[in-house]
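Trainee: I am new to this one and would like to understand the words people use for it. Could we go through them together?
Mentor: Gladly; here it is.

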Amino acid sequence: MNQTRYDTGWKLLREIDGSGGERVVRALEDIAPDLGRYIVEFAFGDIYARRGLSLRERELLTIASLLTAGGCEPQLAVHIRGALNVGVPKEKIIEAMLQCLPYTGFPRVLNAVFTAKEVFAEQAD
């Protein structure tokens with residue numbers, strides 16, 4: 001079956017983020033529907049669908065990228081949840097964040113770790 005980029009993207013978005021990613025895309029429908037479509041088609045339908053890296057590896061790289069960019073805590077939380085959903089252990093998520101410390105610095109790593117702490121607490125409830 002020849003799936004479209006959008007179909008492929010939705011499938012991967014749901015697999016990784018469950019309803020969280022879908023909520024983000026739906027929240028954009030009334031203000032920037034094209035942005036939601038770009039997220040589904042490009043980020044998930046093109047990039048996440050590529051061969052060569054597992055979903056676990058992709059989520060760890062995404063976490064490191066968002067941490068490094070800084071100021072992306074809402075998106076970081078989504079991808080921490082995604083990493084957990086695809087089977088990345090909490091300890092690996094924290095270790096990936098600590099790996100960024102010499103390159104990114106304490107403030108961004110602290111922000112990321114506290115974001116992870118909040119997500120982990122949600123998951124425990």
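**Asking how the labels are earned**

Mentor: Let's start with one residue: setting aside neighbours within four places in sequence, threonine 62 is in contact with Tyr48 and His79. Keep in mind that this is a predicted model.

Trainee: Where is threonine 62, and what does its side chain reach?

Mentor: Threonine 62 belongs to helix α4. Its side chain reaches the backbone oxygen of arginine 58 at 2.8 Å. The cut-off for a polar contact is 3.5 Å, so a distance of 2.8 Å qualifies as one.

Trainee: What makes tyrosine 6 and tryptophan 10 an edge-to-face pair?

Mentor: The count of aromatic pairs comes to 2. In the pair of tyrosine 6 and tryptophan 10, the ring centres are 5.9 Å apart and the planes make an angle of 80°. Centres must lie within 6.5 Å, and an angle over 60 degrees counts as edge-to-face, so 5.9 Å and 80° earn that name. Both residues lie in helix α1, 4 residues apart, about one turn of the helix.

Trainee: Why is tyrosine 6 called partly exposed, and why is tryptophan 10 called buried?

Mentor: Buried means under 20% relative accessible area and exposed means over 50%, with partly exposed in between. Tyrosine 6 has 28%, so it is partly exposed. Tryptophan 10 has 6%, so it counts as buried.

Trainee: Why is the pair of phenylalanine 44 and tyrosine 48 called stacked?

Mentor: Its planes are 20° apart, with 4.5 Å from centre to centre. Planes under 30 degrees apart count as stacked, so this pair fits the word. Phenylalanine 44 and tyrosine 48 are both in helix α3, 4 residues apart, and both are buried.

Trainee: How do you know that threonine 8 is buried?

Mentor: Its relative accessibility is 18%, and the limit is under 20%, so threonine 8 counts as buried. This residue of helix α1 touches Gln3, Gly45 and Ala49, not counting residues up to four places away in sequence.

Trainee: And why is glutamate 73 called partly exposed?

Mentor: Its relative accessible area is 25%, which falls between 20% and 50%, so the label follows. Glutamate 73 sits in helix α5 and, leaving aside neighbours within four places in sequence, is in contact with Asn111 and Thr115.

Trainee: How do you know that the length of helix α8 agrees with what is expected?

Mentor: At 1.5 Å a residue, its 19 residues should span 27 Å, and the end C-alpha atoms are 26 Å apart, so the two agree.

Trainee: What makes people say that the buried residues of α8 line one face?

Mentor: Val109, Ala112, Thr115, Ala116, Val119 and Phe120 are buried in α8. Looking down the axis, the buried residues fall within an arc of 140°, so they line one face of the helix. On the other side, Phe106, Pro107, Lys117, Glu118 and Ala124 are exposed. The buried residues pack against α4, α5, α6 and α7.

Trainee: Which residues touch the most other members of the largest nonpolar core?

Mentor: That core has 29 residues, and Ile63, Ile80, Ile93 and Met97 touch the most other members. The elements giving two or more residues to this core are α1, α3, α4, α5, α6 and α8. Not counting residues up to four places away in sequence, methionine 97 touches Ile63, Leu67, Ile80, Val109, Ala112, Val113 and Ala116.

Terms used: Residues are numbered from 1 along each chain as its sequence is written. This is a predicted model: local features need pLDDT of at least 70, side-chain atom pairs count only at pLDDT 80 or more; totals for chains, interfaces and linings use all residues. Side-chain values use heavy atoms; hydrogens and water are left out. Rings of Phe, Tyr and Trp (its six-membered ring) pair if their centres lie within 6.5 Å; planes under 30 degrees apart count as stacked, over 60 as edge-to-face and the rest as tilted. Buried means under 20% relative accessible area, exposed over 50%, partly exposed in between (1.4 Å probe, protein chains only). Contact means heavy atoms within 4.5 Å. The expected span of a helix is 1.5 Å times one less than its number of residues. The arc is that of the directions from the helix axis to the C-beta atoms. A polar contact is a pair of N or O atoms within 3.5 Å; within protein, one must be able to donate a hydrogen and the other to accept it, and residues adjacent in sequence count only if both atoms are side-chain atoms. A nonpolar core is a set of buried Ala, Val, Leu, Ile, Met, Phe, Trp, Tyr and Cys residues joined through side-chain atoms within 4.5 Å.
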